[in-house]
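Subject: Model for you to look at

Dear colleague,

I am passing on the structure below, and my notes on it follow. Please read them with the coordinates open beside you.

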Amino acid sequence: MMKKLIPAVCLGILLLLPGCWDAKMLINKKLVNGIALDTQENGQILGTVKAIILESKGGGQFDVKDKLAQSTGHNIPEIGHKMDSMLPGTIEANKAFVIIIGDELAHQGIMPILEFFYRLPKAYLNTKVLIAKGQGSDILSVPEVENNPIAFDIKQMVNSSERTSLVPSQTLYSLWNQISDPSEDTVLPIIRKMSNGALVIDSIGLFNEDTFTGVTLARNDSSLLMLLKDKMSSVAWLDIPLGESVVSFEVRKMKRSFKVTVNDQTQSIESKIRIDLYGNIDSYTGSPDWIIDSKQLSKELAESLNKQAAKITGILLKANCDAFGIGRKLKVSHSELWKTIDWKSKYPEVKITPEVHIHITSTGALK
């Protein structure tokens, strides 16, 4: 019910605001709330937008419609100029909730694409940026649910994934700063359409500078990576395999130690990351008698997570994705060495040692 009310409330607020946001101005504008960009076979870019169109019903009443428009061009401004002639009123793209980039286009680098939106006057820098599995246009073309704009639904999905530490809390502004920094690489949420037509965010994509590597981490690996990066939000859920059983562990608190050292003789670089996770056992399918040894279980869970963490760090090195910001740490603590190395060729040689410790604070109904 609340999701239905939010767009209406926001629209009502806009209509009541003085100055440029009066009713007449709003009717004459196309408020773009979602943008998708994909590559084409001819080298051009396909742009897809969802725009809120306001139609006056008289007596101060309005109909709100979520309309789709598409055009192609060699760059974003050209696409925007073509779209401007497709919809009534003046296009306003600087308040988009989400920008969705198709994975094939993301392989070519996202910086040239995002630059236009970053430099827009009065740009909405809280815009969420996602990578689509397949075509971004397929994601944005999903019909609205109960008159709720699909772009708004997608942003709510991202916010929910951020709160549960599945994806990093990232905006257009923070993303631009990160991909402009050669000492750290980014990761972005992957959105896909399931066979039943529903949308889901259940993985992240790894980047090498501004280029999507094509490598993704599924839900459980993504959550553990967020914890290793010290990017825990309100809570994190880990489903930890233990033999033939699975333990659901709810992380409520964590501590992290992150060190980067350089061998003076060999100049080899090593990074050690230790995280201590404190939380509750939500489910343990391997304990039918409802009795567990918390100390022993903590040890077994840590062993399982350490294997998983080692696998994740190996994937990062192979993808040449410095998601931990080891380069940034090196740049600060070993500035002279940093000036003399090519970080992108040196990073895959770094030894990363993750260490996970589990502290069970509650077992619920288990004893």
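A good place to begin is the pairing of Met254, which stands opposite Leu277 in β12. Here strands are DSSP runs of E of at least two residues and helices are runs of H or I of at least four, numbered from the N terminus, and two strands count as paired if DSSP finds at least two bridges between them. The model is a predicted one, in which local features need pLDDT of at least 70 and side-chain atom pairs count only at pLDDT 80 or more, while totals for chains, interfaces and linings use all residues. Residues are numbered from 1 along each chain as its sequence is written, and side-chain values use heavy atoms, with hydrogens and water left out.

The sheet

Leu277 belongs to a strand of an open, mixed sheet, whose four strands follow the order β10-β11-β12-β13. At its edges are β10 (236-242) and β13 (351-362), each of which pairs on one side only, and the twist from one strand to the next averages 40° (axes are lines fitted to C-alpha atoms, for helices over the stretch in contact, and angles run from 0 to 180 degrees between N-to-C directions).

Going across the sheet, β10 pairs with β11 (residues 245-262) in the antiparallel sense through seven bridges, and Leu242 stands opposite Ser245. The strands β11 and β12 are also antiparallel, joined by 15 bridges; their hairpin has six residues between the strands, and Gln267 takes a positive phi near 65° there. By contrast, β12 and β13 pair in the parallel sense over 11 bridges, with Val356 in β13 as the bridge partner of Ile275.

The helices on the sheet

Helix α9 (residues 219-228) packs on the sheet and touches β10, β11, β12 (269-284) and β13, its direction making about 120° with that of β10; contact here means heavy atoms within 4.5 Å. Helix α10 (residues 294-318) lies across β10, β11, β12 and β13, and runs at about 150° to β13.

The two helices also pack on each other, at an angle of about 85° and with their axes 10 Å apart. This makes α9 roughly perpendicular to α10, since angles of 65 to 115 degrees are classed that way, with those under 35 roughly parallel, those over 145 roughly antiparallel and the rest oblique. On the α9 side the contact involves Asn220, Asp221, Leu224, Leu225 and Leu228, which meet Leu305, Gln308, Ala309, Lys311, Ile312 and Leu316 in α10.

The cores

Buried residues, meaning those under 20% relative accessible area (exposed is over 50%, partly exposed in between, with a 1.4 Å probe and protein chains only), make up 48% of the 367 residues in the chain. A nonpolar core is a set of buried Ala, Val, Leu, Ile, Met, Phe, Trp, Tyr and Cys residues joined through side-chain atoms within 4.5 Å; in the largest one, which has 68 residues, Ile100 and Leu277 touch the most other members. The element that gives the most to this core is α10, with eight residues. Apart from this core lies another, of 32 residues, including Ile76, Ile79, Ala96 and Ile99.

An exposed proline

Lastly, Pro121 is found in the loop between α5 (111-118) and β6 (128-132), and at 63% relative accessibility it counts as exposed. The C-alpha atoms of Pro121 and Asn94 are separated by 7.6 Å, although the two residues are 27 apart along the chain.

With best wishes
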